[in-house]
Amino acid sequence: TQIAERMTDRLPLVGAGPENRAVLEASFRRAATLLNAHLQDHLFLFGGHPTFADFSIAAQLQQMLQDPTPAEWLRDRAPFVVAWCEHMEDPKAGGPFAAFSDLRPTLEPLFAEEVATTYLPWAMANAASIDGDRAAVRVDLADGPYEQAAQSFAAGAFASLQDSVGISRNDAVLTDFLAATGCTGLIA
């Protein structure tokens with residue numbers, strides 16, 4: 001009861017209120033569908049070995065599998081995501097990392113249709129809110145307007161992402177991928 005009450009009180013801080021429901025559901029379903037297509041051909045996000053990205057994303061989705069509503073949706077529409085989440089509870093490498101050319105056909109839609117339309121616009125707006133010492137972040141996303149409390153940790157993570165991309169700006173493959181997915185201007 002104590003955990004439920006504490007977490008329920010935190011939902012508005014992370015934007016999980018009724019006013020954002022449609023945007024959150026659309027993003028979740030799109031991301032899971034695109035991720036499912038990718039995992040249909042790959043044991044892990046980057047081939048045969050788990051990475052920090054696998055642990056991070058799988059942990060979030062494992063939480064969704066604890067809730068009957070998103071769990072049912074995932075089992076019906078994203079079975080490879082469900083299998084990957086289950087495998088990530090005790091992952092074992094199953095081969096080498098894949099060549100980027102093998103990953104790109106299914107990673108590119110995930111970045112173009114979800115990362116570039118939802119995460120990066122939100123991350124930029126959140127960082128601007130933190131920089132402007134504003135308590136809330138408001139942004140128009142592809143699925144509609146979204147508002148929540150500004151998140152300083154997320155702003156720091158976004159700054160780290162920008163730094164990493166800046167360091168890698170001479171990597172032609174990364175530069176081409178970011179441009180092709182519409183992410184370049186959102187990260188730079």
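The exercises below, each with a worked solution, concern a predicted model.

**Exercise 1.** Describe how helix 2 packs against helix 4, and state which residues make the contact.

Solution.
- Two packed helices are described by the angle between their axes and the distance between the axes.
- Helix 2 covers residues 21-39 and helix 4 covers residues 68-77. Their axes come within 11 Å and cross at roughly 35°.
- The crossing of helix 2 with helix 4 is right-handed.
- On the side of helix 2, the contact residues are Phe28, Arg29, Ala32, Thr33 and Asn36. On the side of helix 4, they are Pro70, Trp73, Leu74 and Arg77.
- Sorted by class, this contact has five nonpolar, two polar and two charged residues.

**Exercise 2.** Determine whether helix 2 is roughly parallel or antiparallel to helix 6, and list the residues that meet.

Solution.
- Helix 6 spans residues 100-131, and helix 2 packs with helix 6 at an angle of about 170°. The two axes are 8 Å apart.
- Angles over 145 degrees count as roughly antiparallel, so helix 2 is roughly antiparallel to helix 6.
- Helix 2 contributes Ser27, Arg30, Ala31, Leu34, Leu35, Ala37 and His38. Helix 6 contributes Leu103, Thr106, Leu107, Pro109, Leu110, Glu113, Glu114, Thr117 and Thr118.
- Eight of these contact residues are nonpolar, five are polar and three are charged.

**Exercise 3.** Find the salt bridge of arginine 30, and state which parts of the chain the pair ties together.

Solution.
- The whole structure has seven salt bridges.
- In one of them, arginine 30 pairs with glutamate 114, and the closest N and O atoms are 2.6 Å apart.
- Arginine 30 belongs to helix 2 and glutamate 114 to helix 6, so the salt bridge ties together parts that are 84 residues apart in sequence.
- Glutamate 114 has 8% relative accessibility, and because buried means under 20%, glutamate 114 counts as buried.

**Exercise 4.** Locate arginine 104, then work out its salt-bridge partner and its other contacts.

Solution.
- Arginine 104 lies in helix 6.
- Its side chain forms a salt bridge with that of aspartate 176, at 2.7 Å from N to O.
- Aspartate 176 is in helix 8 (residues 172-180), and the pair links distant parts of the chain, 72 residues apart.
- Aspartate 176 is partly exposed, at 40% relative accessibility.
- Salt bridges with shared partners also join Arg30, Glu114 and Asp143 into one network.
- Beyond its neighbours within four places in sequence, arginine 104 contacts Pro109, Asp176, Phe177 and Ala180.
- Alanine 78 is 26 residues from arginine 104 along the chain, and their C-alpha atoms are separated by 20 Å.

**Exercise 5.** Give the N to O distance between aspartate 90 and lysine 92, and state how exposed lysine 92 is.

Solution.
- Aspartate 90 and lysine 92 form a salt bridge, with the closest N and O atoms 2.9 Å apart.
- Lysine 92 has a relative accessible area of 48% and is partly exposed.

**Exercise 6.** Explain what is notable about the phi of aspartate 133, and state where this residue is found.

Solution.
- Most residues other than glycine have a negative phi.
- Aspartate 133 is not a glycine, yet its phi is positive, at about 55°.
- Aspartate 133 sits in the loop between helix 6 and strand 1 (136-141).
- Its relative accessibility is 73%, so aspartate 133 counts as exposed.

Key:
Residues numbered from 1 in each chain as written. Predicted model: local features only at pLDDT ≥ 70, side-chain atom pairs only at ≥ 80, totals over all residues. Heavy atoms only, no water. Axes fitted to C-alpha atoms, helices over the stretch in contact; angles between N-to-C directions. Helix = DSSP H or I, 4+ residues; strand = E, 2+ residues; numbered from the N terminus. Left-handed = near helix turned anticlockwise from the far one by under 90°. Contact = heavy atoms within 4.5 Å. Nonpolar A, V, L, I, M, F, W, Y, C, P; charged D, E, K, R; others polar. Parallel < 35°, antiparallel > 145°, perpendicular 65-115°, else oblique. Salt bridge = Lys/Arg side-chain N within 4 Å of Asp/Glu carboxyl O. Buried < 20%, exposed > 50% of the residue type's maximum accessible area, 1.4 Å probe, protein only.
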